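The following questions and answers concern charged side chains and their pairing. Please consult the sequence and the structure as you read.

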Amino acid sequence: MSARKAEVGGGALGLPGALGLILAVAMAIAVTGCASQQRAEKRKDDASDYNTALGIAYLRQGDIPLAKEKLDRALKENSSSAKVHSARAMLFDRMGQPSQAESEFQTALHLAPNDPDVSNNYAVYLCQIGKADEGVKRFEQTARNALYRTPWVAYSNAGVCLRSAKRNADAAKNFKQALQLRPNFAEAAYQLGDLEFGDGNLVDARKQVDTYLNAFEETPDLLLLGVRIARAQNDRVAAVVYARKLRLDFPNSDQMKALAEIEHNPG
């Protein structure tokens with residue numbers, strides 16, 4: 001074999017040199033193009049997540065037009081995102097469009113049937129429209145989902161749902177379940193104490209408040225509840241103690257305003 005034949009005889013994949021070079025270049029271009037496309041898609045997904053977060057923030061602030069603008073943009077950037085559809089469902093619910101809200105939730109659940117956050121959001125919606133049994137079932141499924149990092153929140157949400165349906169005994173069980181999983185979960189402690197107080201079980205309500213406050217960081221909700229319970233028990237000393245802590249630690253809170261109203265109108 002001549003030196004010239006040796007130069008051109010072998011290329012990529014054992015093909016002739018020129019053709020092998022062309023194929024190698026084509027493969028490199030394809031890989032580069034694929035990587036570029038993946039980067040572009042990731043940028044769009046990131047932008048969608050960002051606009052979804054903004055939309056939810058505006059929704060919580062009550063700015064419906066801006067929330068819709070951000071969530072519409074998020075949908076254009078990633079129409080297959082369950083997060084986007086779940087957020088849009090909450091938007092349509094706030095806009096008083098239940099059929100669109102239900103449709104968006106169903107799309108989100110179809111896209112991510114095992115996503116606990118999507119399921120939790122749908123459960124909240126079901127409770128708000130009076131479907132307590134379905135909502136509680138979904139909350140409990142969410143709590144058992146190994147991907148859900150805060151099952152105590154789901155159990156507490158189920159309790160709130162049951163309270164709204166006037167099923168206090170069942171609600172109490174869910175609050176207690178939440179506290180078994182997370183003893184320092186203030187919301188469940190408050191809800192359970194407030195439930196007992198509302199049912200006239202002053203001793204149990206007071207015990208719930210004091211047990212929490214003696215072990216964990218105080219919250220304005222629990223301190224105000226302590227004031228209300230102590231006043232109902234005619235325990236003026238305890239009422240003053242709870243009130244003083246509320247004034248010192250949470251002077252600008254809504255609960256402090258409620259305390260001022262209670263003291264101004266004690267009846």
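Q: How many salt bridges does the count come to?
A: The model is predicted, so local features need pLDDT of at least 70, side-chain atom pairs count only at pLDDT 80 or more, and totals for chains, interfaces and linings use all residues. Residues are numbered from 1 along each chain as its sequence is written, and side-chain values use heavy atoms, with hydrogens and water left out. A salt bridge is a side-chain nitrogen of Lys or Arg within 4 Å of a carboxyl oxygen of Asp or Glu. By this rule the count is 13.

Q: Which residue forms a salt bridge with Asp72, and is Arg88 buried or exposed?
A: The N to O distance in the salt bridge between Asp72 and Arg88 is 2.6 Å. Asp72 lies in helix H3 (residues 64-77) and Arg88 in helix H4 (residues 82-94), 16 residues apart; helices are DSSP runs (H or I, at least four residues), numbered from the N terminus. Buried means under 20% relative accessible area, exposed over 50% and partly exposed in between (1.4 Å probe, protein chains only). At 8%, the partner of Asp72 is buried: Arg88.

Q: Where does Asp194, the salt-bridge partner of Arg228, lie?
A: The closest N and O atoms of Arg228 and Asp194 are 3.3 Å apart. Arg228 is partly exposed at 30% relative accessibility, whereas Asp194 is buried at 13%. Arg228 belongs to helix H12 (residues 220-232), so the pair ties together parts 34 residues apart in sequence, with Asp194 in helix H10 (residues 186-198).

Technical notes. Helices (H or I, at least four residues) and strands (E, at least two) are DSSP runs, numbered from the N terminus.
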